[in-house]
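Student: Let us go through the terms used for this predicted model. What makes a space count as a pocket?

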Amino acid sequence: MTKITPKRQGYLSWDEYFMGVAALSGMRSKDPNSQVGACIVSDDNKILSMGYNGFPKGCSDDEFPWAREGDDLETKYFYVTHSELNAILNYRGGSLEGSKLYVTLFPCNECAKAIIQAGIRTIIYDSDKYAGTPSNIASKRMLDAAGVRYYKYNRTGREIKVEV
């Protein structure tokens, strides 16, 4: 009888893996203040799409504003596409119905609309730093009404180091 070698211990859980991919994706953002990443995953744990917060294709990172304060047209808010919407728009495979979204920051009300319309059923988020704001309250109200489940990622304290 052949003795089976046991599997390696200490490997990443699915949540660690996908939140790590979302965080890594967020590191692509050129926003000097907020780097948010998202990763959309099928119900059988296959990565479908990723996104980060940044300007739309063709809008130069050097010619559009990154400011948080000032005249509306001179701040980033009218121009930046959030990571969740980028991940939804980046997907080229058809339907996202029944998928999961890993995101480093809880979705705003505008992204909640896109998440619901795309058919994403579960959101796993890391930070909810805007909890209690009107956008956050509206987001949760819509997600609850649409039956989209969301829960906070349970940090494990594991440090993932990658040399490139």
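Tutor: A pocket is an open set of grid points with protein on both sides within 12 Å along at least five of seven lines. A volume is the space filled by probe spheres set on the points. By that reckoning the second largest pocket holds about 560 Å³. Of its 21 lining residues, Tyr77, His82, Leu105, Cys108 and Tyr130 are closest to the centre. Helices α2 and α4 each give two or more residues to this lining.

Student: How is the lining of the second largest pocket divided by class?

Tutor: There are 8 nonpolar, 7 polar and 6 charged residues in that lining. The largest pocket, with a volume of about 690 Å³, has 13 nonpolar, 9 polar and 5 charged residues in its lining. Helix α1 supplies the largest share of that lining, 8 residues.

Student: Why are β4 and β5 called paired strands?

Tutor: Pairing needs at least two bridges. Strands β4 (residues 122-127) and β5 (residues 149-152) are joined by 4 bridges, so they pair, and they run parallel. In one of these bridges, Tyr125 has Lys152 of β5 as its partner. The chain passes from β4 through helix α4 (residues 134-146) to β5 in a right-handed β-α-β crossover.

Student: What makes a residue of α2 buried, and which ones are?

Tutor: The cut-off is under 20% relative accessible area. Ser83, Glu84, Asn86, Ala87 and Ile88 are the buried residues of α2, so each of them falls under that 20%. Their cover includes β1, β2, β3 and α3.

Notes
Residues are numbered from 1 along each chain as its sequence is written. This is a predicted model: local features need pLDDT of at least 70, side-chain atom pairs count only at pLDDT 80 or more; totals for chains, interfaces and linings use all residues. Side-chain values use heavy atoms; hydrogens and water are left out. A crossover is right-handed if, with the strands pointing away from the viewer, the path from the first strand over the helix to the second runs clockwise. Buried means under 20% relative accessible area, exposed over 50%, partly exposed in between (1.4 Å probe, protein chains only). Contact means heavy atoms within 4.5 Å. On a 1 Å grid over the protein atoms alone, a cavity is a set of points where a 1.4 Å probe fits but cannot get out, and a pocket is an open set with protein on both sides within 12 Å along at least five of seven lines; lining residues have an atom within 4 Å of a point. Ala, Val, Leu, Ile, Met, Phe, Trp, Tyr, Cys and Pro count as nonpolar, Asp, Glu, Lys and Arg as charged, and the others, Gly among them, as polar.
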